[in-house]
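Reader: I should like to learn how interfaces and sheets are read from a model of several chains. Please take me through the example below.

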Amino acid sequence: MDNLKIQNLHMNFSGVKALDDVSFKVQKGEVFSLIGPNGSGKSTLFNCINGFCIPQQGSIKFENVDLLKIKPHETVKHGISRTFQNLQNVPYMTLLDNVLLGAHRRLSMTDTFNRWISQKEREREEAMALEVLDFLGIANFEKKYLSGQPYGIQKLVEIARALICKPKMILMDEPAAGMNDQETLEIAKIISEIRDILGITVLVVEHDMNLVMSISDRICVLDSGKILAMGKPVEVKNHPEVIKVFLGDEAHA
Amino acid sequence: MKGRYDDENLKWIPILIIAVYLSPFLLKSATFSYKYYLYILNMAGIYMILTVGLDLLSGFTGLMSLGHAAFLAIGAYTSAILVDQAGLPFELSLIITPVIVGLCGLMIGFPALRIEGMYLGLTTMGFGFIVKRLIIAFRDWTGGSAGLQVSKATLFGFTISNDWNNYFMIYTFAIIAIIVARRIVKSKLGRVFMAIRDSEQAAQASGINIAKYKMLSFFISGMFAGFAGVLFAHTNHFISTDHFDILLSVYFIVMVLVGGVGSIYGAVLGTLFIVLMENMFIPLFKDTLTQYMHLEAGDFQAFIFGLIMLLFIIFQPMGLYGMWLKMRIYWKLFPFNPRKRFT
Amino acid sequence: MKRTVSIIIITALIWMGCENRTTSPGVTDTEILVGNIQDLSGPIKELGLLIPAGTNMYLDYINAQGGVHGRQVKMVVEDHGYNPMKAVVAAKKLIEKDQVFCLYNVIGTSPAEAIRPILEESGVPLIAPATNSSSMSDMSRQAAKYIFHTDAGYDLQTRVLIDYILENNPEAKIGIAYQDDDYGANALKGCAEAEANHGISVQKESFQRGATDFVGQTMNFMKGGCTDVIIGGVVREPVTIMKTAQAIGYSAAFYGLGPTVDPRVGLLAGEAGEGFIAVYWAYYPDSDEPGPVLYQELCEKNNVPAKMRGLYHYYGFATAHVLVEGLRKAGKYPTRKRMMKGLETLHNWESGVFPPMTYNRNDHAGVESVIILQLQGGKQVAITDWRN
């Protein structure tokens with residue numbers, strides 16, 4: 001069953017083609033990876049899905065909702081949440097608060113002025129945030145301020161914030177960037193758990209080939225805004241064009 | 001049942017509140033000229049309400065405002081007109097005026113959706129000038145540049161007539177304002193404001209309508225300023241455009257900066273610090289220092305404030321409240337390398 | 001019976017005697033403390049230097065003669081930077097902390113207005129507020145009975161000037177440049193009175209306090225065909241306007257209100273200022289009245305530099321007369337109430353610096369007539385008698 005449907009997407013940044021006739025479909029409950037060299041349009045594609053950029057042509061549909069017609073902050077309402085390439089956190093809040101930021105839509109305004117009325121609601125969300133943190137294995141840090149925490153934890157907090165929105169699909173922009181091998185393994189485990197246990201569709205942009213190959217159900221290779229290849233990891237790995245673009249002369253060596 | 005992350009030093013708050021209410025009695029027994037000190041404390045109390053609101057806007061939401069003196073002016077004049085000319089009771093004005101000023105804040109919030117930082121500062125500053133001209137222009141209601149006499153506050157039948165009564169009224173409201181601000185900061189709204197300050201993308205990805213909450217921040221900040229304005233008008237009994245010049249807005253920013261941007265207690269501490277500094281400590285050594293430095297009285301004050309601000313920005317960017325937190329952590333961890341524990 | 005009566009009488013006398021000996025705060029056996037709030041850091045800070053200097057010159061003179069009833073008069077000066085808020089703080093400090101006997105010479109209309117509630121609350125009199133605004137002597141306002149105003153109001157000054165202009169030239173077209181604040185508002189009040197009296201209309205052009213460019217206003221007067229222009233400024237405004245007029249070839253007669261009577265106008269304006277007519281409400285520093293003569297004498301004696309002498313230095317000197325007279329009238333054991341009562345007994349009082357002055361219960365206005373001076377060869381010369 002199709003979850004996300006992208007058709008004939010064209011995006012120009014003052015003459016530079018960032019996306020050129022991109023179309024693909026993402027099925028429900030799969031890990032779909034976007035790979036490609038720098039500047040091939042991966043992040044732009046994410047931004048288009050998220051509503052930060054508006055493409056000149058084409059359509060993006062998510063469960064029959066036209067994503068091009070809604071504002072960035074409304075994407076969460078339709079079940080799409082995302083993490084960012086460079087950290088987008090609030091350093092002077094605790095981990096728990098950072099995660100609760102994602103629960104924004106479910107907390108009512110009375111949270112501010114009437115803690116007695118909204119106590120239940122607040123406790124529910126706090127419990128949920130703790131659950132999510134526990135799921136990611138950082139529950140013990142919940143009262144610490146985010147600033148000064150290791151990079152790995154800050155990355156995980158972003159994922160936690162994306163998860164607490166109860167999304168149907170998560171967009172992850174380079175979840176393993178800047179992480180060491182062990183942390184990358186952990187991320188790989190988390191991503192597959194998100195798919196398997198929570199049943200959430202995951203759309204990943206990533207440079208780490210080992211990670212991509214090990215977790216993805218399907219991979220789409222972008223180059224200069226065009227789709228180069230698409231398919232199962234094994235198919236993509238052996239695709240001649242991909243080898244040329246990615247490995248260049250190394251393949252022949 | 002307590003929320004999970006209510007402030008851990010909550011138990012100190014009742015003691016602090018009792019101290020606030022006891023201090024005038026202490027002052028009275030300690031010094032003959034207690035009325036003067038009370039007056040200064042009253043001023044600090046009014047400014048506190050405003051700077052707490054300013055901190056919500058500038059410290060938490062990251063929107064700079066150099067127009068808060070104008071908000072204070074609108075609050076003061078609105079209340080004076082409502083109570084003295086329209087005949088509304090003071091209690092009603094306490095509710096209506098902040099809302100009106102909040103709406104003015106909303107108006108100034110529109111440009112904030114498009115511009116940021118220094119440019120927003122300049123825009124709000126321009127707003128301040130416009131308000132001043134408007135007050136002069138509507139001289140039938142505001143008394144123009146000659147100023148306006150304001151009646152005394154009457155709260156539930158009691159006329160608040162002197163500094164002694166003013167103190168209790170102002171500080172009761174100041175405590176309420178601080179508690180409300182703390183609630184805002186510790187709730188969903190506070191998280192949203194901080195997210196807008198630190199990462200608009202994260203905020204949007206979490207489903208936060210940035211435009212709406214920026215405006216809301218201006219509205220809330222305006223409400224605090226309006227509230228302060230009401231108290232200002234009815235405890236000073238005279239307002240004029242000379243009160244609300246641009247320098248006052250700068251002072252508010254300095255208060256927030258010195259106290260520590262982004263903490264409610266910081267704004268409170270900073271306000272107390274600056275007001276007491278200006279009126280009590282600087283005069284103590286002004287005469288001796290001016291002899292050597294050949295500065296005139298006013299220049300001297302500006303010089304000291306500039307110096308304080310510079311020192312704080314360089315050495316103590318977290319302000320007074322940050323200093324206090326550091327000290328607390330220092331003693332908590334005392335024997336073990338306490339340095340650089342706090343970032 | 002006789003004994004009881006005499007005991008009662010004696011007790012009463014002793015009691016009354018004791019009562020008479022009580023003094024208000026700020027008075028010791030050797031000293032009387034007076035509070036002054038000046039602008040030492042704001043837009044008119046040069047005045048904050050000159051006025052207290054003039055006052056101190058006169059107080060030193062009085063103190064050298066043995067003071068008032070054997071007490072030396074001392075003055076504390078506080079700063080308000082033309083901010084009413086700071087004026088209130090300063091007044092509180094002077095009254096509550098420094099414990100002054102009375103306030104004197106608070107400069108500026110809005111600062112003086114701002115401290116009305118404090119005067120009311122503490123019962124401290126304010127002698128000679130340094131503002132020509134007639135609102136100070138409006139007896140219907142708050143705390144009016146504590147304020148003893150000396151200066152003739154701007155409204156009176158403006159009205160007399162317009163009267164004078166129309167007297168000499170009934171066909172005159174009059175323009176007025178007014179400061180966009182209480183000063184200007186007060187001048188316009190007098191202007192409106194004159195307009196109603198004479199059935200004329202005056203061309204009004206406003207400028208902001210501290211403005212330095214008056215080309216627009218001067219051009220407008222020229223376009224409006226004004227033959228006589230009244231300038232409600234201090235020193236810079238009349239000088240600049242007259243020079244601008246000379247530069248663009250606009251010849252009109254120029255007039256100024258009280259604050260423009262300063263030798264610097266003549267010095268700075270040069271030949272453009274020749275014939276400048278201003279209105280004043282005290283014996284001007286160059287005249288032969290006893291006050292100005294004493295002033296010149298004291299200036300010589302104390303080596304006051306020439307650039308300090310002039311209207312504002314003299315103003316401090318002149319208003320100090322009222323203060324000292326008030327302290328004298330308060331008697332050997334001064335209280336604030338006695339001082340106020342004493343001042344209210346003054347009837348056509350010849351101080352030497354002001355024309356005869358009268359205070360009573362319903363009139364705290366001080367000088368209520370003005371004289372018209374003309375700048376001739378760099379000197380102020382009286383061209384009319386006292387008028388009102």
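The dialogue below treats the chain contacts, the two interfaces and then two sheets.

Reader: Which conventions apply to the model and its numbering?

Author: This is a predicted model, in which local features need pLDDT of at least 70 and side-chain atom pairs count only at pLDDT 80 or more, while totals for chains, interfaces and linings use all residues. Residues are numbered from 1 along each chain as its sequence is written, chains are lettered from A and ligands numbered from 1 in the order in which they are written, and side-chain values use heavy atoms, with hydrogens and water left out.

Reader: How does one establish which chains touch?

Author: Contact means heavy atoms within 4.5 Å. Two pairs of chains are in contact here, and chains A and B share the most contacts. Chain A and chain C do not touch, their nearest C-alpha atoms being 34 Å apart.

Reader: How is the extent of an interface expressed, and how many residues of chain B and chain A are in contact?

Author: The size of an interface is often given as the accessible area lost when the parts come together. Buried area is here the accessible area (1.4 Å probe) that two parts lose on being put together, summed over both. In this model 32 residues of chain B are in contact with 36 residues of chain A. Between them, chain B and chain A bury about 3300 Å², with 57% of it on carbon and sulfur atoms.

Reader: Which side chains form the salt bridge between chain B and chain A?

Author: A salt bridge is a side-chain nitrogen of Lys or Arg within 4 Å of a carboxyl oxygen of Asp or Glu. By this rule there is one salt bridge across the interface of chain B and chain A. Its partners are B:Arg191 and A:Asp97, at 3.4 Å from N to O. Helices and strands are DSSP runs numbered from the N terminus (H or I, at least four residues, for helices; E, at least two, for strands). In those terms, α7 (163-185), α8 (188-198), α9 (200-205) and α10 (210-236) of chain B each supply at least two residues of the side that touches chain A. The largest share, eight residues, comes from α8(B). By class, this side of chain B has 14 nonpolar, nine polar and nine charged residues; Ala, Val, Leu, Ile, Met, Phe, Trp, Tyr, Cys and Pro count as nonpolar, Asp, Glu, Lys and Arg as charged, and the others, Gly among them, as polar.

Reader: How many residues of chain B are in contact with chain C, and how much area is buried there?

Author: On this side, 32 residues of chain B are in contact with 30 residues of chain C. Chain B and chain C bury about 2600 Å² between them, 55% of it on carbon and sulfur atoms. Of the area that chain B buries against chain C, B:Tyr36, B:Gln149 and B:Asp242 supply 22%, more than any other three residues.

Reader: How many salt bridges join chain B and chain C, and which elements of chain B take part in the interface?

Author: There are two salt bridges between chain B and chain C. One of them links the side chains of B:Arg133 and C:Asp180 (2.4 Å, N to O). The elements of chain B that give two or more residues to the side touching chain C are α2 (34-60), α5 (117-137), α10, α12 (264-293) and α13 (297-315). From α2(B) comes the largest share, seven residues. This side of chain B divides into twelve nonpolar, eleven polar and nine charged residues.

Reader: How should a sheet be read, and in what order do the six strands of chain A stand?

Author: Strands of a sheet pair through backbone hydrogen bonds, either parallel or antiparallel. Two strands are taken to pair if DSSP finds at least two bridges between them. In chain A, six strands form an open sheet with mixed pairing, in the order β6-β7-β8-β3-β9-β10. The edges are β6 (80-82) and β10 (226-231) of chain A, each with a single partner strand, so one side of each is left without a neighbour in the sheet. Strands β3 (residues 31-35) and β9 (residues 218-223) of chain A run parallel and are joined by four bridges. Within this pair, A:Phe32 has A:Arg218 in β9(A) as its bridge partner.

Reader: Which strands of chain A does helix α1 lie across?

Author: Axes are lines fitted to C-alpha atoms, for helices over the stretch in contact, and angles run from 0 to 180 degrees between N-to-C directions. Helix α1 (residues 42-50) of chain A lies across β3, β6, β7 (169-173), β8 (201-205) and β9 of chain A, at about 145 degrees to β7(A). Helix α5 (residues 151-164) of chain A lies across β6 and β7 of chain A, and runs at about 160 degrees to β7(A).

Reader: In what order do the seven strands of chain C stand?

Author: The order in this open sheet of chain C is β7-β6-β8-β9-β10-β11-β12, with mixed pairing. Five bridges join β6 (residues 174-179) to β8 (residues 228-232) of chain C, and these two strands run parallel. The bridge partner of C:Gly175 in β8(C) is C:Val229. Helix α7 (residues 182-198) of chain C packs on the sheet, where it touches β6, β7 and β8 of chain C, and its direction makes about 155 degrees with that of β6(C).
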